[in-house]
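The following report describes metal sites, domain layout and charged side-chain pairs, and it is best read with the sequence and the structure side by side.

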Amino acid sequence: MTEAELKQLVEKISEQAFQRPFKHQVKINHRMTTTGGRYYLNDHHLEINDHFLAPQYRNELIGIIKHELVHYHLHLAHQGYRHRDSDFKLLLNRVQGSRYAPDIGLRRKPKRKYTYVCQNCKVTFKRVRRIDVSRFACGRCGGMLRLINEQK
Ligand SMILES: [Zn+2]
Ligand SMILES: [Zn+2]
């Protein structure tokens, strides 16, 4: 989906769900990780997480666009546009926008970079952080640990 096609979709949802036009810019954001989208108060544009543009996430995308449009229309109308405002909660509920970024597996666990082996029982395990092998022993047998792999 191109930025122009995304903008058309936003304009269509704005008319259908809010009966108000969307008159600002939409950008595709390639750096967002777990957020679905964002509304920018300063120039009223929307940014949408590119992960949600894949065809299989169309319903999630519509929910995200509705959520951002709730911020957009309430802010332009000088009503409560923040998540905690009752205007926001009411309108979000009415248009059935998503409350949170839909979970499509974007909440990645931190990478476990360090692999250790017990020199006694040979069990291996991975850790996010480096551990001090002179101070920590194998949890299973108490043997000495050795770092065997470090992924950059
Ligand atoms: Zn929001
Ligand atoms: Zn061991």
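A salt bridge is taken here as a side-chain nitrogen of Lys or Arg within 4 Å of a carboxyl oxygen of Asp or Glu. Arg82 and Asp85 fulfil this, because their closest N and O atoms are 3.3 Å apart and the limit is 4 Å. The model is a predicted one, and a search of the whole structure finds 2 salt bridges. The other pairing joins the side chains of Lys7 and Glu11, with an N to O distance of 3.2 Å. Lys7 and Glu11 both belong to helix H1 (residues 3-18), where a spacing of 4 residues places them about one helical turn apart.

The accessibility of the residues in these pairs, together with that of two cysteines discussed further below, is set out here.

| Residue | Relative accessible area | Class |
|---|---|---|
| Lys7 | 23% | partly exposed |
| Glu11 | 28% | partly exposed |
| Arg82 | 39% | partly exposed |
| Asp85 | 14% | buried |
| Cys138 | 6% | buried |
| Cys141 | 35% | partly exposed |

Asp85 counts as buried because its relative accessibility of 14% is under the 20% limit, whereas Arg82, at 39%, is partly exposed.

Turning to the overall layout, the protein is divided into domain 1, covering residues 3-95, and domain 2, covering residues 114-150. The centres of domain 1 and domain 2, taken over C-alpha atoms, are separated by 48 Å.

Two metal sites remain to be described. The zinc ion (ligand 1) is coordinated through the NE2 atoms of His67, His71 and His83, at 2.0 to 2.1 Å, and in sequence these donor residues follow the spacing H-x3-H-x11-H. Of these donors, His67 and His71 both lie in helix H2 (residues 58-76), being 4 residues apart, or about one turn of the helix, and both are buried.

The zinc ion (ligand 2) is coordinated by the SG atoms of Cys118, Cys121, Cys138 and Cys141, at 2.3 to 2.4 Å, with the donor residues spaced C-x2-C-x16-C-x2-C in sequence. The angles among the 4 donor atoms of this zinc ion (ligand 2) run from 100 to 116°, and the site is tetrahedral. For four tetrahedral donors, the ideal angle at a metal is 109.5 degrees. Among the donors of ligand 2, Cys138 is buried, with a relative accessible area of 6%, while Cys141 is partly exposed, at 35%.

Definitions and conventions:
Residues are numbered from 1 along each chain as its sequence is written. Chains are lettered from A and ligands numbered from 1 in the order in which they are written. This is a predicted model: local features need pLDDT of at least 70, side-chain atom pairs count only at pLDDT 80 or more; totals for chains, interfaces and linings use all residues. Side-chain values use heavy atoms; hydrogens and water are left out. Donors are N, O and S atoms within 2.8 Å of the metal (3.2 Å for Na, K and Ca); water is not among the atoms, so sites may look incomplete. Helices (H or I, at least four residues) and strands (E, at least two) are DSSP runs, numbered from the N terminus. Buried means under 20% relative accessible area, exposed over 50%, partly exposed in between (1.4 Å probe, protein chains only). Four donors count as tetrahedral if all angles lie between 85 and 135 degrees; four count as square planar and six as octahedral if opposite donors are over 155 degrees apart and all others between 65 and 115; anything else is irregular. Domain bounds come from an automatic or database domain assignment.
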